[in-house]
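Please examine the protein shown below. The explanation after it is meant for a reader who has not met this structure before.

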Amino acid sequence: MIDYYEELGAEEQRKVTDAIQKLYRQTFLLERRYDRKTGRYQVNGDYYPCSKHLDFVRAYFAIMDIQVVENSQMGVIYIQGEQVVGEKLSKLATFYILALKLIYDEQMSAASTSVNAMTSLGEIHEKLGTYRLLYKQPSVTEIRRTLALLKRYQLIEPLDVLEEMDGQSRLVIYPTVNVVLMGEDVRALISTYGEEAEEDDRSEL
């Protein structure tokens, strides 16, 4: 494994190192990311070095008992395993991911040729209200903190600056949300959190 890396040119070594660091820090590497300035999806410079040297990257992470998975259909490379420890999600972050997954699945079923989906902050809250998961309007600070977290892990891309977000603000939903939650996970979490939300609501009466 060391020999393989040392045989690469200095520039290619730098690209591979950057890709590995990004993958470990962010959990996901997207093939394309939305660029607000151009209004288009741009190639992610870290994705292809990782894909090109995938066997080496997999061997590197295997030392830590971490699996590297490439889903070329969704255009995402991600790591998984017991050793992958991300940030502890707040309840609001978990709710947002649930809503994003539901919205993503709905849009993909209507347009199966695309892996890109968009929503708004208002639609997220409406979806959570439909499933009786959100009884109180979160504070602006909570919302901004949650969106910043989801952006950092490449689950969304806000089309407006976080400081100016409101109910009409648009968000790109990346296909990584399809990796974070599977259909059965969504149903189980909705059931669990729905019961908790009803209990919390009754306790405040």
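The paragraphs that follow treat model confidence, then a pair of helices, and finally a single residue in a loop.

The structure is a predicted model. The protein has a mean pLDDT of 84, and 83% of its residues reach 70 or more. Confidence varies along the chain: it is highest in helix α3 (residues 47-52), at a mean of 96, and lowest in helix α9 (residues 183-203), where the mean is 53. For residues 201-205 the pLDDT falls below 50, and this stretch makes 2 contacts in the model beyond near neighbours in sequence.

Attention may now turn to a pair of helices. Two packed helices are described by the angle between their axes and by the distance between those axes. Helix α5 (residues 91-110) packs with helix α6 (residues 121-130) at an angle of about 100°, and their axes lie 9 Å apart. Angles of 65 to 115 degrees count as roughly perpendicular, and α5 and α6 are therefore roughly perpendicular to each other. On the side of α5, the residues that meet α6 are Phe95, Tyr96, Ala99, Leu100, Leu102, Ile103 and Glu106. Their partners in α6 are Leu121, Glu123, Ile124, His125, Lys127 and Leu128. Sorted by class, this contact comprises 9 nonpolar, 1 polar and 3 charged residues.

The last subject is Gln154, which is located in the loop between α7 (140-152) and β7 (156-158). Is this residue buried or exposed? Gln154 counts as buried because its relative accessibility is 1%, and the cut-off for buried is under 20%. Apart from neighbours within four places in sequence, Gln154 is in contact with Gln26, Phe28, Leu29, Leu30, Arg33, Asn44, Tyr174 and Thr176.

Conventions: Residues numbered from 1 in each chain as written. Predicted model: local features only at pLDDT ≥ 70, side-chain atom pairs only at ≥ 80, totals over all residues. Heavy atoms only, no water. Axes fitted to C-alpha atoms, helices over the stretch in contact; angles between N-to-C directions. Helix = DSSP H or I, 4+ residues; strand = E, 2+ residues; numbered from the N terminus. Parallel < 35°, antiparallel > 145°, perpendicular 65-115°, else oblique. Contact = heavy atoms within 4.5 Å. Nonpolar A, V, L, I, M, F, W, Y, C, P; charged D, E, K, R; others polar. pLDDT = per-residue confidence, 0-100. Buried < 20%, exposed > 50% of the residue type's maximum accessible area, 1.4 Å probe, protein only.
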